[in-house]
Amino acid sequence: MPVIKYLITLLKMPMMDEKSDDGLMSEIYQLLSQTGHVADIATLIDKKMTELDLSERQLSSILGIERPSLKRLKEGEAQKVDMLTALKLIQFLNLEVGEFIKLYVSSLPPASIGSLEKVRKANYIVEHFDLKTLKKTGIIDSVTDYDAIEEQIVQQFGLNSIFEYSLEVAYPIFSRSKRPFADRMLEYWVKSAYAKFQQIANPNPYDKASLEALIPKMRPYSRDVEAGLLTVIKALYNLGVTVIVQPYLMKTHVYGMTMIVDGKPCIALSNYYNKYPTLWFTLMHEIAHVFYHFDKIKTLGYHVSGNDDLYLMEPEANMFAREILFSSDKVNYIRQFIDSPRVVEQYAEQNKVHPSIIYSIFIRSLEDAHPGADHSSWYARYNHQLNVSPDRAIKTINTMLHGNVKEDAARVKQAYTSAVNN
């Protein structure tokens with residue numbers, strides 16, 4: 001590797017493997033913490049001059065350095081070395097580039113070491129976070145105050161260091177999946193959900209048989225916009241399935257996600273589009289993943305619905321959600337009456353489902369029948385029937401993407417357990 005490129009790499013990257021924060025700065029700190037004598041550049045110069053029986057005049061000639069500059073080097077003022085002189089010293093002392101850099105930085109005054117650490121942290125932040133979008137969503141207050149950004153993220157996730165964002169937050173699932181995120185906002189959304197699931201720590205064992213028995217009983221609760229969703233999520237919690245609602249994050253285009261945390265299924269719902277029927281459809285979609293694809297997702301670590309469906313799980317989950325909420329034969333029946341709100345309302349009551357769900361699944365059937373068509377006119381036509389806000393349904397269980405994850409998870413868990421006790 002060319003020397004300049006190597007130097008830049010050393011200063012730029014934390015150089016961490018998957019399980020440690022070891023790298024250039026940590027090696028430097030180890031040098032600084034040693035109680036015994038640690039060789040510095042000036043000492044090595046003296047040693048090499050003695051070995052070769054060189055005078056200062058000879059060394060000045062060899063290195064092409066003026067004697068006053070050489071004297072400063074020998075007096076320990078290595079921090080004033082320019083790049084060319086550093087390369088000459090590397091050759092003269094027969095050092096590896098990395099070894100010279102560590103010795104050079106360890107000889108710097110504390111203020112200079114601190115400035116290097118600030119650069120390291122700032123570089124980590126800009127590489128791992130979409131700062132402009134985080135600011136637009138109100139998660140951070142500035143895109144240039146890296147100390148403040150670090151403090152906000154560390155406090156939110158309960159970290160000791162900003163570098164733990166890679167090594168601690170959701171490390172078990174990301175280490176299993178081996179799928180790096182190209183989308184930093186999606187990574188942030190997923191990691192935020194995972195951190196909440198860890199904090200909630202559902203104590204109930206996952207019971208697949210009981211989940212199968214519960215699934216047909218869920219649909220009627222959709223009619224109760226105020227409390228129905230909470231009631232279903234509470235029941236799922238008792239069966240070892242943890243569900244949270246997490247705000248949609250710009251650029252993510254996520255409806256929902258299923259992951260396995262500590263051997264138990266966890267579902268995160270997004271309020272993408274902010275539609276009540278979409279929330280219910282997404283819940284049933286993710287339950288399908290839990291029921292049919294548990295082992296596959298356990299291997300993967302997580303599955304974000306609609307993103308990179310490499311294992312073709314989405315069609316089955318979509319079909320499951322439709323059939324549970326409003327089956328295809330019922331869609332075919334209501335098709336002829338879909339422009340009669342009174343008939344749709346009566347049919348919704350008869351089938352124990354919220355009428356907005358009927359319109360939502362009807363439009364999905366049109367999308368399937370006419371792939372590639374402009375669907376916007378259909379949504380506009382039935383917008384009034386579809387435009388039921390989920391705010392009342394999620395007001396007590398909606399989590400945040402800012403603030404402290406631990407406190408947020410405790411609040412949501414309290415809502416689930418208090419519902420049980422009541």
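1. A residue is called buried when its relative accessible area is under 20%. N351 has a relative accessible area of 10%, so N351 counts as buried. Please keep in mind while reading that this is a predicted model.

2. Let us stay with N351 for a moment. Where is N351 placed? It sits in the loop between α19 (341-350) and α20. Leaving aside residues up to four places away in sequence, N351 touches R219 and K330. With K330 there is also a polar contact between the two side chains, at 3.0 Å.

3. Now to the charged pairs. How many salt bridges does a search of the whole structure find? The search gives 12. The points below walk through some of them, starting with a pair inside one helix.

4. K191 and E187 form a salt bridge, and their closest N and O atoms are 3.0 Å apart. Both residues belong to helix α13 (residues 184-200), where four residues, about one turn of the helix, separate them. Are these partners buried or exposed? K191 has a relative accessible area of 2%, so K191 is buried. E187, at 12%, is buried too, because that value is also under 20%.

5. Helix α13 turns up again in the next pair. K196 forms a salt bridge with D408, with 3.9 Å between the closest N and O atoms. K196 lies in α13 and D408 in helix α24 (residues 405-421), so this salt bridge ties together parts that are 212 residues apart in sequence. Both of these residues are buried. The pair also belongs to a network of salt bridges that links K196, D408 and R411, so do have a look at R411 when you view this region.

6. One more pair deserves a visit. The side chains of R322 and D368 meet in a salt bridge, at 2.2 Å from N to O. Which parts of the chain does the pair link? R322 is in helix α17 (residues 314-325) and D368 in helix α20 (residues 355-369), distant parts of the chain that are 46 residues apart.

7. The two partners of that salt bridge fall into separate accessibility classes. R322 has a relative accessible area of 15%, which is under 20%, so R322 is buried. D368 has a relative accessibility of 49%; because exposed means over 50%, D368 counts as partly exposed.

Definitions and conventions: Residues numbered from 1 in each chain as written. Predicted model: local features only at pLDDT ≥ 70, side-chain atom pairs only at ≥ 80, totals over all residues. Heavy atoms only, no water. Salt bridge = Lys/Arg side-chain N within 4 Å of Asp/Glu carboxyl O. Helix = DSSP H or I, 4+ residues; strand = E, 2+ residues; numbered from the N terminus. Buried < 20%, exposed > 50% of the residue type's maximum accessible area, 1.4 Å probe, protein only. Polar contact = N/O pair within 3.5 Å; in protein donor to acceptor, adjacent residues only side chain to side chain. Contact = heavy atoms within 4.5 Å.
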